[in-house]
Amino acid sequence: MEAYKRWVRRNKEYVHSLESLANGFTWLLPERFSSSEIGPEAVTAILGVITAVNEHIIDTAPSQIHTGHPEPSTFPYSLCISALKDLETLVEVVAQHYYGDTKKWNFIAATEAIKFLVRLAVFRNSGYKMLLQGGEIPNSEKASEVSSSQSRPGDSRKPGFYSGPGSFRNNFGQNGWNLEGRALSALSRFGENARTASDPPWLRRVQQQNAIMESLAPKAEKSTLSSILSEEGVHGSLFLMGEILFIARPLIYVLFIRKYGTQSWTPWFLSLAMDVVGVGFFPQVTLSGWGSKDRKFQYTTSEKDELKRRKLLWALYLMRDPFFSKYTRERLDKAEKLLEPVPLFGALTAKVIELIVGAQTRYTYMSGS
């Protein structure tokens, strides 16, 4: 395993290219596995897990200056969350194939429950900082990096480390098998690989030096739940409630779908309310001027981007039943009939709508976390 880690770290550009190529070949699989969805989903899930493992190996490469003093090993929570997100669609397909549409929700709920527990562990171990990308990216950006990070193009993916005590108070911190999911994944990977390959050598050296200097900084003292509630009072409680609502929403949504069905408005409205209320707590923290006595609280750049991402994900409610079947689908059918007589545009519209409907049936309830 150590030999594989060394090889991945030495050949990360080559590994990224191989992963992009492998994901591209999955476009050829539907004809071969047309009799069942399990085959394509299994291939996609395996590729997703391998990609997540490789990214984790690259991201956890030890700094040269600490080669002789490795840090204590910790559980790879971010890798666990990425793997669960890659496997959850496969779990649904297999459960539906062998147990039917009704009982499959038991397995989906179990998967979401595991994700919920892992995210709670990430939230606790990070010192109760805001989860980025659902916990897949560590939230470790310093307050001093809020303004400077914008001038460092290579730092957008993985921020640095917090430093100093009280960081919570001052610095809060699927690949689906449908064509649409694979297209978005391919474009995302292409853009990331292009950015990595185009970074000039001097920029990489500067980033490496920054990482080394950040690793030399004293470790931040993590906040505890009792310290937050006792020192921050109501405003600390608001932040905790907002983040816990975000973490728990997917599980509660699936549990209510399991009880009431996909055509019930109860899970849809409850999930939307949890999203809106949860995100609504965060602006109240900054508007109240919560923070230390000398400094007003402010979110880091990564946390501001995360809040924007969560708001954009509200658009998925247009794709979730019963709203989709009662309203969105009707509008799509009208658009298809309107453009059907138009050469080229009619066929293109029909194909796009086919992809949207295919994505809606399986991939929208799991997204948004």
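Start by selecting Lys-115 and Glu-112: both of these residues are buried (buried means under 20% relative accessible area, exposed over 50% and partly exposed in between, with a 1.4 Å probe and protein chains only). What you have open is a predicted model, where local features need pLDDT of at least 70, side-chain atom pairs count only at pLDDT 80 or more, and totals for chains, interfaces and linings use all residues. Residues are numbered from 1 along each chain as its sequence is written, and side-chain values use heavy atoms, leaving out hydrogens and water.

**Stop 1: a pair within one helix**

Keep Lys-115 and Glu-112 selected and show their side chains. They meet in a salt bridge, 3.4 Å from N to O (a side-chain nitrogen of Lys or Arg within 4 Å of a carboxyl oxygen of Asp or Glu). Side chains of opposite charge can pair when their charged atoms come close. Now colour helix H5, residues 77-125: the two residues are 3 apart in it, so about one helical turn separates them. An α-helix has 3.6 residues a turn, so residues three or four places apart point the same way.

**Stop 2: the whole chain**

Zoom out and switch to cartoon view. The protein chain has 14 helices and 0 strands (DSSP runs numbered from the N terminus: helices are H or I with at least four residues, strands are E with at least two). Of its 369 residues, 42% count as buried. In total, the structure holds 13 salt bridges.

**Stop 3: a pair between two helices**

Next, select Asp-275 and Arg-249. Their closest N and O atoms are 3.5 Å apart, and they form a salt bridge. Asp-275 belongs to helix H11 (residues 265-287) and Arg-249 to helix H10 (residues 225-260), so this pair ties together parts that are 26 residues apart in sequence. Are these two residues buried or exposed? Both Asp-275 and Arg-249 are buried.

**Stop 4: the largest cavity**

Stay with that pair, since Asp-275 and Arg-249 are among the residues that line the largest cavity. A cavity is found on a 1 Å grid over the protein atoms alone, as a set of points where a 1.4 Å probe fits but cannot get out; lining residues have an atom within 4 Å of a point. The volume of this one is about 50 Å³. Add Phe-246, Met-274, Phe-282 and Arg-310, which are also among the lining residues. H11 gives the largest share of the lining, 5 residues.

**Stop 5: helix H12 and a network**

Arg-310 leads to the next selection: Glu-243, Glu-306, Arg-309 and Arg-310 are linked in a network of salt bridges. Within it, the side chains of Glu-306 and Arg-309 meet at 3.0 Å, N to O. These two are 3 residues apart in helix H12 (residues 301-312), so about one helical turn lies between them. Glu-306 counts as buried because its relative accessibility is 3%, and Arg-309 counts as buried because its value is 18%.

**Stop 6: the two sides of H14**

Finally, select helix H14, residues 345-360, whose end C-alpha atoms are 22 Å apart, in agreement with the 22 Å that its 16 residues should span at 1.5 Å a residue. Which residues of H14 are buried? They are Gly-346, Thr-349, Ile-353, Ile-356, Val-357, Ala-359 and Gln-360. These cover an arc of only 160 degrees around the axis, so they sit on the same side of H14. Turn the helix to see the face away from its buried side, which carries the exposed residues Ala-347, Leu-348 and Glu-354.

Conventions. The expected span of a helix is 1.5 Å times one less than its number of residues. The arc is that of the directions from the helix axis to the C-beta atoms. On a 1 Å grid over the protein atoms alone, a cavity is a set of points where a 1.4 Å probe fits but cannot get out, and a pocket is an open set with protein on both sides within 12 Å along at least five of seven lines; lining residues have an atom within 4 Å of a point. Grid points are joined across faces, edges and corners, and a volume is the space filled by probe spheres set on the points.
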